[in-house]
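The exercises below concern side-chain pairs and helix packing in a predicted model. Please work through each task with the sequence and coordinates at hand before reading its solution.

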Amino acid sequence: MKRSDLVADTAITLLAERGMRGLTHRAVDEAADLPPGSTSNLARTRAALLELTLSRLTELETLALAGAYGSGPDEPDLPARMAQALHVQLTDRRRTLARYELALEATRRPELRRIYDEAGRRFRDPAVAMLAALGSTDPVRHARTLVAFADGLLFDAIAGAGSVPTPEELEVALRELLAGMLRPGGQRTSGRTSRR
């Protein structure tokens with residue numbers, strides 16, 4: 001593993017376990033069992049450390065969510081693939097909690113907000129393309145709704161009062177959402193009927 005990945009992965013864990021105040025260069029060195037000063041040599045400032053961490057988090061989430069996009073939006077199991085990807089996010093609470101910490105910090109740091117927003121586009125743009133291919137009359141708006149729905153499910157299960165839904169429950173919820181978005185005008189949803 002590259003040292004930059006080790007530092008960023010350790011920072012993700014610290015954010016999840018200790019919050020933003022618990023993330024320091026020294027804490028990363030200690031938790032990663034690195035010589036003192038290693039993290040600051042790699043990321044001199046706190047801003048640089050946060051940016052490194054967010055970049056790595058985006059990379060890890062892109063890999064985790066790759067299955068949701070599959071080989072194309074016309075595949076009949078789109079809701080199932082999306083449900084599985086969401087469940088992966090739910091089972092690795094560490095990543096999701098770290099993302100919440102970074103999202104809040106980005107509201108106070110314009111340089112981090114720019115990176116955070118760019119990372120978000122890497123997930124929203126494919127959603128727009130998928131919904132357009134499925135016949136959405138307003139794929140940009142529908143993609144925004146889909147992402148907000150997914151984020152809401154994650155937050156409710158990890159930081160809210162909700163329980164962790166099963167992949168089957170997530171799939172049913174996604175089928176219902178997509179059916180509601182794509183029903184007008186006889187548009188097809190995902191090629192499969194809802195299994196309730």
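**Exercise 1.** Determine where Glu171 and Arg175 lie, and state whether they are buried or exposed.

*Solution.* Begin with the secondary structure: Glu171 and Arg175 belong to helix H9, which covers residues 167-182, and their separation of 4 residues amounts to about one turn of that helix. Next, examine the side chains, which form a salt bridge with an N to O distance of 2.6 Å. Finally, consider accessibility, by which both Glu171 and Arg175 are classed as buried. Elsewhere, Asp5, Asp9, Arg56 and Glu59 are joined into one network by salt bridges that share partners, and a search of the whole structure gives 14 salt bridges.

**Exercise 2.** Classify Arg108 and Glu105 as buried or exposed, and give the reason.

*Solution.* The two side chains meet in a salt bridge, N to O, at 3.2 Å. Arg108 counts as exposed because its relative accessible area is 56%, and the cut-off is over 50%. Glu105, in turn, counts as buried because its value is 9%, where the limit is under 20%.

**Exercise 3.** Describe how helices H5 and H8 cross, and which classes of residue make up their contact.

*Solution.* First take the geometry: the axes of H5 (residues 78-91) and H8 (residues 139-158) come within 10 Å and cross at roughly 35°, and the crossing is right-handed. Then list the contact, to which H5 contributes Met82, Leu86, Gln89 and Leu90, while H8 contributes Leu146, Ala150, Leu153, Leu154, Ala157 and Ile158. Sorted by class, the contact comprises 9 nonpolar residues, 1 polar residue and no charged ones.

Technical notes:
Residues numbered from 1 in each chain as written. Predicted model: local features only at pLDDT ≥ 70, side-chain atom pairs only at ≥ 80, totals over all residues. Heavy atoms only, no water. Axes fitted to C-alpha atoms, helices over the stretch in contact; angles between N-to-C directions. Helix = DSSP H or I, 4+ residues; strand = E, 2+ residues; numbered from the N terminus. Left-handed = near helix turned anticlockwise from the far one by under 90°. Contact = heavy atoms within 4.5 Å. Nonpolar A, V, L, I, M, F, W, Y, C, P; charged D, E, K, R; others polar. Salt bridge = Lys/Arg side-chain N within 4 Å of Asp/Glu carboxyl O. Buried < 20%, exposed > 50% of the residue type's maximum accessible area, 1.4 Å probe, protein only.
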